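I opened this notebook to keep a record of what I looked up, and in what order. The entries below go from the interior outwards to the strands and helices.

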Amino acid sequence: MTTKLTDDVHWISSCHPDDEYHMHMSEYLIRGENGTVLVDSGSSHYRDEIIAEINQLTDGNGPDVILLTHSTLPHTENVPAFESEWGEIKTIAATGRFPEIVGLPDAEARQLNAPVEFAGRPFTCMHPLLTDVTVSQWVYDHESGVLFTAEAFGHYHDPGNCDLTTAEMDGGPSADHVDAFYLDKIPFVDYLDRERLGNAFETLFDTLDVTYVAPIHGNPIPGERLDRYVDDVIEALEPPTTA
């Protein structure tokens, strides 16, 4: 399904259910002045649905650029299929060197911490404050103010909340859903200094004018809800206890 976040940013989401929770597998399509940019390629499990959504959003032309938040599955695995569908696509890997080593021989290495223009609009790629692997990045779209954060800011959700932003969810994502996601995906966070992590988030959001935080595995979070969400994340990161 596709949800319009801003005038030119569309959230393409597939929802993977299990016995307890649902988890998003999301991509985002951005309309630039000179084309379209797709953030992540998604899982092959949902390939047909993703291609159908992108065809609808691009009049069958496909994306001009793919920006990857990870150079690992399931974020990258549809790139070859997309090129078979729409032809060669400029692809930016989430690694500064040797994209061929992470299975992306035709991709370009990322450039960090300075705006780079894709499809006629500036994006800044940056090291993530929280991530599960080193070959990952966050991406900030300067025109829409949307920050794409890969695993970080992810959470599970209940059935019925699949296509909602956190502002539209009754009470927002629960602390249990946030905690369970981090326990599964980024378990080392319980060993981080919560005060320093909170200060890093505060500095980031004082620096960037963020309209939405857009995770790959969670409901998008509007900028006005960020303070509360960060507080929930920090609270969910219970430090380990000793016997």
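**Entry 1, the interior.** Before counting anything I fixed my terms: a nonpolar core is a set of buried Ala, Val, Leu, Ile, Met, Phe, Trp, Tyr and Cys residues joined through side-chain atoms within 4.5 Å, and buried means under 20% relative accessible area. I also noted that the model is predicted. With that settled, I found that the largest nonpolar core has 49 residues, and that those with the most contacts inside it are Phe82, Leu147, Phe153, Tyr182 and Phe205. I then looked up which elements give two or more residues to this core, and they are β3, α1, α2, β9, α3 (175–185), α4 (194–207) and α5 (226–236). Of these, α5 gives the most, with 6 residues. A second core, separate from this one, has 21 residues, including Leu5, Phe123, Val146 and Ala214.

**Entry 2, Leu147.** I picked Leu147 from the list of residues with the most contacts inside the largest core and asked which residues it touches, leaving aside those up to four places away in sequence. Among them are Met126, Trp138, Val139 and Tyr140, and further along the chain Leu204, Phe205, Leu208 and Ala214.

**Entry 3, helix α2.** Phe82 took me to helix α2 (residues 79–86), where the buried residues are Val79, Ala81, Phe82 and Trp86. These residues cover an arc of only 160° around the axis, so they sit on the same side of α2. The face turned away from that buried side carries Pro80 and Ser84, which are exposed. I then looked up what the buried residues of α2 pack against, and found β4 (35–39), α1 (47–58), β5 (65–67) and β6 (90–92). After the helix comes Gly87, whose phi is positive, near 95°.

**Entry 4, the six-stranded sheet.** I followed the strands next and found an open sheet of 6 strands, in the order β1-β2-β3-β4-β5-β6 and with mixed pairing. Because β1 (2–4) and β6 stand at the edges with a single partner strand each, one side of each is left without a neighbour in the sheet. Neighbouring strands here are turned by 20° against each other on average, with direction ignored. Looking at one pair in detail, I saw that β1 and β2 run antiparallel and are joined by 3 bridges, and that Lys4 has His10 in β2 as its bridge partner. Helix α1 lies across β1, β2, β3 (22–32) and β4, and runs at about 165° to β2.

**Entry 5, Ser13.** Is Ser13, in strand β2 (residues 9–17), buried or exposed? I found it buried, because its relative accessible area is 5%, while the cut-off is under 20%. Leaving out residues up to four places away in sequence, Ser13 touches Met1, His24, Met25, Ser26 and Cys162.

**Entry 6, strand β8.** My last stop was strand β8 (residues 121–126), where 5 of the 6 residues are buried, so the strand is largely enclosed by the rest of the structure. It is joined to strand β7 (residues 116–118) by 3 bridges, the two running antiparallel, and Phe118 has Arg121 as its bridge partner in β8. The hairpin of β7 and β8 has 2 residues between the strands, and there Ala119 takes a positive phi near 55°. β8 also pairs with strand β9 (residues 138–141), in the antiparallel sense and over 4 bridges, with Tyr140 in β9 as the bridge partner of Thr124.

Methods
Residues are numbered from 1 along each chain as its sequence is written. This is a predicted model: local features need pLDDT of at least 70, side-chain atom pairs count only at pLDDT 80 or more; totals for chains, interfaces and linings use all residues. Side-chain values use heavy atoms; hydrogens and water are left out. Buried means under 20% relative accessible area, exposed over 50%, partly exposed in between (1.4 Å probe, protein chains only). Two strands pair if DSSP finds at least two bridges between them. Contact means heavy atoms within 4.5 Å. The arc is that of the directions from the helix axis to the C-beta atoms. Axes are lines fitted to C-alpha atoms, for helices over the stretch in contact, and angles run from 0 to 180 degrees between N-to-C directions.
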